[in-house]
Amino acid sequence: MTDPGTETTRYLDLAFPEYKIGVEYDGDYHRTVKNQWRADQARKDSLASLGWDLRTVTSQDIKEPRRALDALHRSFARAGARPPAASNWSGRALELLGRSLRPPATT
């Protein structure tokens with residue numbers, strides 16, 4: 001989306017623009033590299049000032065996604081939107097979401 005104040009294009013990892021809900025994945029790089037952290041904070045602040053509800057997901061949330069999914073569910077509810085069905089976030093779907101993205105080790 002374009003920030004109307006600066007005409008800067010702001011990118012999100014996952015966006016639901018019709019509800020102004022965004023999801024950002026922040027790996028360790030986003031935390032340990034000062035310039036990246038500052039740029040991330042500026043982008044998040046800019047989007048929040050435009051009414052976006054931003055959720056941040058970390059590697060821990062990928063392994064155990066319940067916290068992030070519950071927060072995203074509340075964001076949809078707060079926006080007056082129908083959140084995705086809870087069955088999308090439970091059982092096998094939850095297991096797949098929490099799976100390791102690393103390839104298996106070779107011996």
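Start by selecting phenylalanine 16, which is partly exposed at 22% relative accessibility. Keep in mind as you click around that this is a predicted model.

**Stop 1: the rings**

With phenylalanine 16 still on screen, add phenylalanine 76. Here the accessibility drops to 3%, so this one is buried. Now show both rings and look at how they meet. There are two aromatic pairs to find in this structure. In one of them, the ring centres of phenylalanine 16 and phenylalanine 76 sit 5.0 Å apart with the planes at 70 degrees, so the arrangement is edge-to-face. Colour by secondary structure and you'll see that phenylalanine 16 belongs to strand β1 (residues 14-16) while phenylalanine 76 belongs to helix α4, so the pair ties together parts 60 residues apart in sequence.

Next, add tyrosine 19. Which kind of pair do tyrosine 19 and phenylalanine 76 form? Edge-to-face again is the reading: 5.7 Å from centre to centre, with 65 degrees between the planes. Tyrosine 19 is in the loop between β1 and β2, and phenylalanine 76 is in helix α4, so this contact bridges parts 57 residues apart in sequence. As for exposure, tyrosine 19 has a relative accessible area of 34% and is partly exposed. Keep the three selected together, since Phe16, Tyr19 and Phe76 make one aromatic cluster.

**Stop 2: along helix α4**

Hide the rest and select residues 66-78, the range of α4. This helix has 13 residues, and the distance from its first C-alpha to its last is 18 Å, close to the 18 Å expected at 1.5 Å a residue. Now pick out its buried residues: Ala68, Leu69, Ala71, Leu72, Ser75 and Phe76. Turn the view until you look down the axis of α4; the buried residues fall within an arc of 160 degrees, so they line one face of the helix. As background, an α-helix has 3.6 residues a turn, so residues three or four places apart point the same way.

Pause on serine 75, a residue of helix α4. Buried or exposed? Serine 75 is buried, with a relative accessible area of just 1%. Turn on contacts and, once neighbours within four places in sequence are set aside, serine 75 touches Ile21, Asp53 and Arg55.

Then step past the end of the helix. Glycine 80 follows α4, and its phi is positive, near 75 degrees.

**Stop 3: the nonpolar core**

Bring the whole chain back and select Ile21, Val23, Val57, Ala68, Leu72, Phe76 and Ala81. These seven residues are the largest nonpolar core. Both β2 (21-25) and α4 (66-78) put in at least two residues each. Which element gives the most? That is α4, with three residues.

For a view from the strand side, centre on valine 23. Leaving out residues up to four places away in sequence, valine 23 contacts Leu12, Asp13, Leu14, Arg55, Val57 and Leu72. Two of the names there, Val57 and Leu72, are also on the list for the core.

**Stop 4: charged pairs**

Now switch to the acidic and basic side chains. How many salt bridges does the structure hold? Seven. Zoom in on glutamate 24 and arginine 43, whose side chains meet in a salt bridge at 2.3 Å, N to O. This pair links distant parts of the chain, with glutamate 24 in strand β2 and arginine 43 in helix α2 (residues 34-49), 19 residues apart. Both glutamate 24 and arginine 43 are buried.

Without moving the camera, add aspartate 40. The side chains of arginine 43 and aspartate 40 also form a salt bridge, at 3.2 Å from N to O. The two are three residues apart in helix α2, which puts about one helical turn between them. Aspartate 40 is buried, as is arginine 43.

For the last selection, go to aspartate 61 and arginine 67. Their side chains meet in a salt bridge as well, 2.7 Å from N to O. Compare the two ends: aspartate 61 is buried at 7% relative accessibility, whereas arginine 67 is partly exposed, with a relative accessible area of 44%. Finally, select Glu24, Asp40 and Arg43 together: salt bridges with shared partners join these three into one network.

How values were computed: Residues numbered from 1 in each chain as written. Predicted model: local features only at pLDDT ≥ 70, side-chain atom pairs only at ≥ 80, totals over all residues. Heavy atoms only, no water. Core = buried A, V, L, I, M, F, W, Y, C linked by side-chain atoms within 4.5 Å. Buried < 20%, exposed > 50% of the residue type's maximum accessible area, 1.4 Å probe, protein only. Helix = DSSP H or I, 4+ residues; strand = E, 2+ residues; numbered from the N terminus. Contact = heavy atoms within 4.5 Å. Expected span 1.5 Å × (residues − 1). Arc of directions from axis to C-beta. Phe/Tyr/Trp six-rings, centres within 6.5 Å; stacked < 30°, edge-to-face > 60°. Salt bridge = Lys/Arg side-chain N within 4 Å of Asp/Glu carboxyl O.
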